[in-house]
Amino acid sequence: MKTLKFEHYQAEQILRGEKTSTWRLFDDKDISVNDKIKIIDKITPEDPASWQVIGLGTVKEIIEKNLGDINADDMKNDRSYTSQGAMLNNFKQYYGDRVAPDTPVKIVFFDFKPGADKTPSQAMLLEEANLYTDGGSRGNPGDSSCAYVICDVNNNVVEKSGYYMGMATNNQAEYLGFKKGLERARDLGIGKITLHSDSQLVVNQMNGIYKVKNQELAPLHQDVKELAKSFETIRFVYVPRELNKIADKEVNRILDQQERARHRKH
């Protein structure tokens, strides 16, 4: 389930029924109509241990505009600014200099039901994270899987997962690991990501050092580039395999599991 984090005063407005919308830039979280979202109150922003899930929301309507097209009626639903410049400067505090009048914004309207569990998962509390990803193919192309590991800034593991892909190449599996990991980080509301991978090729392609010449990789590369726009900051970092052991182990666990399942059938 996706999450949305709010400042404490905004969460109190939601609880009182005074706030039923939010503005999200750069297609943040890929929020869509009918999405279920956990709403988190950042009671003390600098202390994630104080944060709480205050309830569940359901997205009812989305209006998409550029910031330069926002009008007074739009501001009635959520916030008011003295000028367009003041609005742009506010968002630059969160997203940096890429904010401009042609920046897309989603005005998201939601229903709210108070309650739900009161303790967010550790992953939901992260504002910044290290993301380790891996992908592997036995045969290249052959049986493939990918995995991601989300860690806090001290490299404590808070969440991991993996996926069986079927027939694919090593590089396709690596790219899908990037994609799955970033999708999960986006949905958790993590704003700052350092993605670590032992695929020098994919890291260099994401950093623009290498061109993507393989047409089978081009769509995956584009998907990851679009996902990267969802974060305040993102870095792609190459690490040797020995520093990516947890994700690598998850990839091999999934492939071993598939192999055992096939043997049992025979």
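Which residue of β10 is the bridge partner of Leu195? Phe236 is the bridge partner of Leu195 in β10. I'll start from that pair and work outwards.

Some housekeeping before that. This is a predicted model, where local features need pLDDT of at least 70 and side-chain atom pairs count only at pLDDT 80 or more, while totals for chains, interfaces and linings use all residues. Residues are numbered from 1 along each chain as its sequence is written, and side-chain values use heavy atoms, with hydrogens and water left out.

On the naming: helices (H or I, at least four residues) and strands (E, at least two) are DSSP runs, numbered from the N terminus. Two strands pair if DSSP finds at least two bridges between them.

Now the sheet. Five strands, in the order β8-β7-β6-β9-β10, make an open sheet with mixed pairing. At its edges are β8, residues 157-168, and β10, residues 233-238, each of which pairs on one side only. On average, neighbouring strands here are turned by 20 degrees against each other, direction ignored. For that angle and those I give later, axes are lines fitted to C-alpha atoms, for helices over the stretch in contact, and angles run from 0 to 180 degrees between N-to-C directions. As a reminder, strands of a sheet pair through backbone hydrogen bonds, either parallel or antiparallel.

Let me take β9, residues 192-197. On one side, β9 runs parallel to β6, residues 128-138, and 6 bridges join the two. Within that pairing, Glu128 has Lys192 of β9 as its bridge partner, and Thr133 stands opposite Ser197. β9 also pairs with β10, in the parallel sense, over 6 bridges. Of the 6 residues of β9, 5 are buried, so the strand is largely enclosed by the rest of the structure. Buried here means under 20% relative accessible area, exposed means over 50%, and partly exposed is in between, with a 1.4 Å probe and protein chains only.

In the edge strand β10 we have Val237. Val237 is partly exposed, at a relative accessible area of 22%. Leaving out residues up to four places away in sequence, Val237 touches Thr194, Leu195, His196, Ser197 and Val203; contact means heavy atoms within 4.5 Å. The C-alpha atoms of Val237 and Phe6 are separated by 30 Å, with the two positions 231 residues apart along the chain.

Next, the helices. Two packed helices are described by the angle between their axes and the distance between the axes. For α4, residues 170-188, and α6, residues 218-228, the angle is about 20 degrees and the axes are 10 Å apart. α4 and α6 are therefore roughly parallel to each other; the classes are under 35 degrees for roughly parallel, over 145 for roughly antiparallel, 65 to 115 for roughly perpendicular, and oblique for the rest. Among the residues making the contact are Tyr175, Leu176 and Lys179 of α4, and Leu220, His221 and Val224 of α6.

Tyr175 turns up again with Gln205, a residue of helix α5, 200-206. Buried or exposed, what is Gln205? Gln205 is buried, at 6% relative accessible area. Its side chain makes a polar contact of 2.7 Å with the side chain of Tyr175. A polar contact is a pair of N or O atoms within 3.5 Å; within protein, one must be able to donate a hydrogen and the other to accept it, and residues adjacent in sequence count only if both atoms are side-chain atoms. The residues that Gln205 touches, not counting those up to four places away in sequence, include Tyr210, Leu217 and His221.

Moving to the N-terminal strands, β1, residues 2-7, is mostly covered, with 5 of its 6 residues buried. β1 pairs with β3, residues 36-42, in the parallel sense over 6 bridges, and Lys38 of β3 is the bridge partner of Thr3. Trp23 sits in β2, residues 21-25, and counts as buried at 3% relative accessibility.

Last, some backbone details. Asn140 and Pro141 are joined by a cis peptide bond, with omega about 5 degrees, and Pro141 is in the loop between β6 and β7. Asn34, in the loop between β2 and β3, has a positive phi near 80 degrees and counts as exposed at 54%. Asn155, in the loop between β7 and β8, has a positive phi near 65 degrees and is partly exposed at 38%.
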